[in-house]
Every structure is written in C-alpha cells, then in structure tokens.
Amino acid sequence: MKVSKEFRWEMAHRLPFHKGRCKNLHGHTYKALIQFEGELDKNGMLIDFYDIYRIVNPVIDELDHSIICDKNDTELVEIANKINERVVIIDKPTTAENISIYITEKIIQSSLPDNLTQITIRVYETPDAFAEYSLKIK
Ligand SMILES: [Zn+2]
C-alpha cells in the first residue's frame with residue numbers, strides 16, 4: 001500500500017556550476033510529493049495523514065521563504081546571511097535531486113511507524129519537472 005501527501009513552499013537558490021540561467025539567484029514554488037509504502041496496520045491504515053503532516057511540515061516550514069545554499073558556495077552563504085532571516089545550508093549543490101535527498105534524510109530522523117518499508121519523495125521545481133528519490137526504511 002502507498003499513501004502520499006503534497007507540500008508546497010517558496011524558496012530561492014542558485015546553481016553556480018550551471019551554464020544557463022540557473023546560475024543566477026532565483027526562486028521556485030516547490031512542491032514535494034511525500035509517499036510512504038508498507039503494510040496496513042490492524043485498523044486498515046498505513047499512516048495517518050495527520051501524522052505525515054506532523055512529521056513533514058517542520059521540515060518544509062524550515063525551507064519556506066528561505067534561501068537554500070550549498071555550503072561550498074561561500075559567496076551566496078555570506079550574502080544570504082546578510083539579507084535573509086531564513087537561510088538553509090546543505091553540503092551539496094541545491095538541485096531538485098539533492099533537495100529530495102535532504103528532505104528524506106530529515107524525515108527519517110523522526111520516529112516513523114513500524115509498518116512503513118519505503119519512503120519516496122518527488123520534488124517539483126516547476127509544475128512539470130521533478131526529481132524523485134526512494135529509500136528503503138526497513
Ligand atoms: Zn532553480
């Protein structure tokens with residue numbers, strides 16, 4: 001069984017290695033589709049939608065209206081900390097692929113129900129373009 005919930009947030013980033021426009025600081029309305037997979041519990045439920053919200057929302061809320069920076073992009077880290085109250089620093093380039101891994105790693109730090117076996121996260125950078133990361137959690 002699979003159960004999914006969507007989350008949206010606004011965030012700025014840049015990809016300094018990019019040959020095109022993405023090297024510039026810019027923003028997206030991101031969307032994440034968080035999907036859990038596993039066996040139903042005795043009540044016929046995989047995971048309560050409210051529990052998904054409770055686990056995932058703090059991770060998404062930290063990202064909302066932030067500038068996400070690769071720690072190696074020291075110029076952006078310095079500027080972001082000067083101009084923004086909300087700055088998130090990760091240890092790799094801020095691609096949709098790496099953001100999906102970042103969110104997954106944050107989520108699996110929470111205590112998740114025992115019946116869950118896999119988490120899959122799709123991060124949409126635009127309405128028609130996404131990266132998807134899956135991780136077995138058991
Ligand atoms: Zn972008």
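**Exercise 1.** Find how many bridges join strand β1 (residues 2–13) to strand β2 (residues 26–38), and how the two strands run.

*Solution.* Start with the pair itself: 12 bridges join β1 to β2, and the strands run antiparallel. Strands here are DSSP runs of E with at least two residues, helices are runs of H or I with at least four, and both are numbered from the N terminus. Two strands pair if DSSP finds at least two bridges between them. As a landmark, look for Lys2, which stands opposite Glu37 in β2.

Before going on, note that this is a predicted model: local features need pLDDT of at least 70, side-chain atom pairs count only at pLDDT 80 or more, and totals for chains, interfaces and linings use all residues. Residues are numbered from 1 along each chain as its sequence is written.

**Exercise 2.** Work out which strands stand at the edges of the sheet.

*Solution.* First write down the order: 6 strands form an open sheet, β4-β3-β1-β2-β5-β6, with mixed pairing. Next, look at the ends: β4 (87–90) and β6 (129–136) each have a single partner strand, so one side of each is left without a neighbour in the sheet.

**Exercise 3.** Place Ile55 and decide whether this residue is buried or exposed.

*Solution.* Begin with helix α1 (residues 49–63), where Ile55 is found. Then count: Ile55 has 21 other C-beta atoms within 10 Å, which is why Ile55 is buried (buried means 20 or more, exposed 12 or fewer, partly exposed in between, with C-beta atoms placed from the backbone). Finally, the C-alpha atoms of Ile55 and Lys106 are separated by 9.4 Å, although these residues are 51 residues apart along the chain.
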